[in-house]
Amino acid sequence: MIEATESMIKQQVVGSVIADDVSPSFDTFRFKANANEYVYPGTLVGTDVGDGKFLIGRISASIEVNPHESASRAKVREAMQIEADYPEEELSTNIYRVYEADIIEEGFLKGEKLEISEPADMAKAGSEVFLPTETVIAQAMGFEKDPKKSLCLGQTRIATDVELTTDSEQEPPNNVLLKPQFIQRHLFIGGTTGSGKSWATGILLEEINKFVIPIVILDSQNEYIALTEGLDGKVLKPGEDYTVRLSSLTETEVLELVPTLKGTLGQELLAYTFIRLKRRLLAREEKTKGQLSFLDVRQSGFGLSELLDEMKEDAPGLEMKPLSQRLAIQRTQTSLERHKFLGEKTNWVNLLKEHPVINVDCGELDQNQLQLVVGATLRELQNLRKKNLIPPHVIVLDEAHLLVPEGQDSPCKQVIRENVRIGRHYGICMILITQSPVDIDKKTIRQCNTRFIFALEPDQLDSLRGVKADATDDMLKRLPKMPRGSCILSGTYETIKHAIPIRIRSDRKTPPGGEAPNILDEVLQWHSNSQIAP
Ligand SMILES: Nc1ncnc2c1ncn2[C@@H]1O[C@H](COP(=O)(O)OP(=O)(O)OP(=O)(O)O)[C@@H](O)[C@H]1O
Ligand SMILES: [Mg+2]
């Protein structure tokens with residue numbers, strides 16, 4: 001509850017409730033807007049219902065009434081070749097706009113305190129309709145109050161949305177303050193290229209970092225290197241200073257890495273030995289459950305040389321001829337050695353102790369390698385987390401549609417799905433980012449309970465039908481017309497009560513990365529530097 005006076009509730013009067021065949025009702029009210037007062041799909045408005053109570057509605061539709069522009073009058077003017085000559089809305093007696101608002105909450109002024117509850121009243125025809133203050137909006141949406149104790153992401157006032165005549169000079173307050181605990185229920189960020197996803201992720205990560213929660217970024221586009229360095233984190237490069245253990249891959253992944261063995265007895269040998277070593281590993285872990293020392297964990301798992309040695313041991317049992325045995329081992333060795341990211345297990349325990357952010361720079365990996373590195377990394381982290389050897393942490397996956405694709409199965413998809421399903425209990429918080437919601441597994445994003453939807457093409461928006469919460473189609477369609485950095489924040493009732501347009505903060509602490517190069521400048525530079533060959 002907050003201290004509230006009339007001025008803390010109302011920001012500006014924008015119109016008055018009208019009576020017609022659908023308004024007012026228990027679900028909606030319509031109002032005639034005052035001249036030059038504009039609101040947009042998603043804007044929150046309020047209207048008094050008496051006894052200190054007021055309803056909070058969200059704009060869902062609008063129409064303009066202007067009899068001078070009826071088809072017949074416009075036709076007459078066209079035929080007679082005369083200009084339209086009628087007064088503007090401000091002076092007119094028959095031009096006006098009507099907006100419709102869906103009622104979402106009810107506010108109640110109890111003494112000097114503001115309470116928000118389920119709506120139970122109907123709007124009163126003739127009552128004024130006002131824009132509520134940011135404080136009312138924040139409370140109606142279930143946002144937090146103290147920016148220091150929350151993830152401070154931005155504001156619900158969007159410059160072109162509500163042009164305030166009064167304090168437009170003043171920077172609106174950041175009232176989008178989320179409980180840090182929301183990250184446990186995973187986050188989804190979707191939007192077309194350049195819409196502001198990475199910027200928003202940057203703001204989110206800076207805020208998460210405030211609570212010293214470790215962050216692991218699997219950075220497929222080199223977009224978060226500057227952010228990582230800005231937060232005193234460490235950037236690791238697969239194959240250089242970052243490797244995953246062979247034993248962190250799945251059998252399917254390993255077999256696919258050695259395509260030259262396909263259909264041969266050698267492939268059976270590889271599968272047999274790999275599965276046997278994995279089982280042995282599991283049995284060892286079962287036996288030492290709960291008593292693993294850091295050293296045990298570091299040494300657990302197996303690498304290439306152990307696999308090759310054991311294949312030699314297993315070959316006679318499969319009745320392989322010495323030549324095919326040698327060939328199988330040789331092919332396994334050459335194929336696997338080619339992947340420089342396979343090697344020793346990374347010491348996550350120390351890494352997370354020493355650095356607040358770890359960025360695995362996957363920019364140079366192809367899609368298959370990316371899936372392997374992400375899958376193996378997530379398995380290693382999940383394993384350590386389940387044993388409580390590393391703290392709860394946040395994992396950021398950019399280009400997530402490549403990792404959890406819709407309609408295709410991959411081992412990497414399995415571990416991501418598992419993380420979203422059980423991560424909440426283990427303290428593994430996933431942030432999934434994509435420019436292509438059509439291509440991402442819907443089951444996975446449905447489990448991400450807080451969602452940021454940026455501008456998207458209509459076909460991409462269609463694919464988000466199941467996760468848009470109570471955001472209306474008009475709200476989503478308007479996104480491309482809103483300033484850069486605007487998105488619809490939505491979720492489930494426990495996280496974000498109602499979908500609402502928000503504007504992400506512009507004051508990043510860390511530099512944004514991965515900016516698109518200016519190709520015109522680069523081409524000019526190339527021409528001026530290069531000499532014409534003789
Ligand atoms: N909230 C914001 N405040 C200020 N500038 C912003 C904001 N959001 C985005 N921008 C600007 O827009 C640019 C593009 O945004 P961003 O890099 O986040 O796009 P993206 O959605 O990640 O695109 P891509 O899919 O191509 O990676 C940023 O570099 C930044 O200059
Ligand atoms: Mg980006």
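**Close-ups of a predicted model**

**View 1. The shell around ligand 1, with helix α4 up front.** Helix α4 (residues 197-209) supplies the largest share of the shell around ligand 1, namely three residues. Keep in mind throughout that this is a predicted model. In total, 15 residues surround the ligand, and the closest are Gly196, Lys197, Ser198, Gly485 and Ser506. Sort the shell by chemistry and you get nine polar residues, three charged ones and three nonpolar ones.

**View 2. An open sheet of eleven strands.** Walk across this sheet and you meet the strands in the order β10-β9-β19-β18-β17-β11-β16-β15-β12-β14-β13, with mixed pairing. The edges belong to β10 (176-178) and β13 (234-236); each has a single partner strand, so one side of each lacks a neighbour in the sheet. On average, and ignoring direction, neighbouring strands here are turned by 25° against each other.

**View 3. Inside that sheet, β11 beside β17.** Here's a parallel pair: strand β11 (residues 187-190) and strand β17 (residues 450-453) are linked over four bridges. To find your bearings, look for Phe188, whose bridge partner in β17 is Arg451. As a reminder, strands of a sheet pair through backbone hydrogen bonds, either parallel or antiparallel.

**View 4. Strand β2 and its pairing with β8 and β3.** Strand β2 (residues 10-18) runs antiparallel to strand β8 (residues 128-132), and five bridges join the two. Ser16 is a handy landmark here, standing opposite Glu128 in β8. β2 also pairs with strand β3 (residues 28-33), again in the antiparallel sense, over four bridges. For that pairing, find Gly15 and its bridge partner Ala33 in β3.

**View 5. Helix α2, hardly covered.** None of the ten residues of helix α2 (residues 71-80) counts as buried. Just after the helix comes Gln81, and its phi is positive, near 50°. If you're tracing side chains along a helix, remember that an α-helix has 3.6 residues a turn, so residues three or four places apart point the same way.

**View 6. Zooming back out to the protein chain.** To put the close-ups in context, the chain has 18 helices and 19 strands. Its C-alpha trace spans about 100 × 70 × 45 Å along the principal axes. Of its 534 residues, 40% count as buried. Take the contacts with a separation of 6 or more: residues 24 or more positions apart account for 76% of them.

Conventions:
Residues numbered from 1 in each chain as written. Chains lettered and ligands numbered in written order. Predicted model: local features only at pLDDT ≥ 70, side-chain atom pairs only at ≥ 80, totals over all residues. Pairing = 2+ DSSP bridges. Axes fitted to C-alpha atoms, helices over the stretch in contact; angles between N-to-C directions. Buried ≥ 20, exposed ≤ 12 C-beta atoms within 10 Å, placed from the backbone. Contact = placed C-beta atoms within 7 Å. Near = placed C-beta within 6 Å. Nonpolar A, V, L, I, M, F, W, Y, C, P; charged D, E, K, R; others polar.
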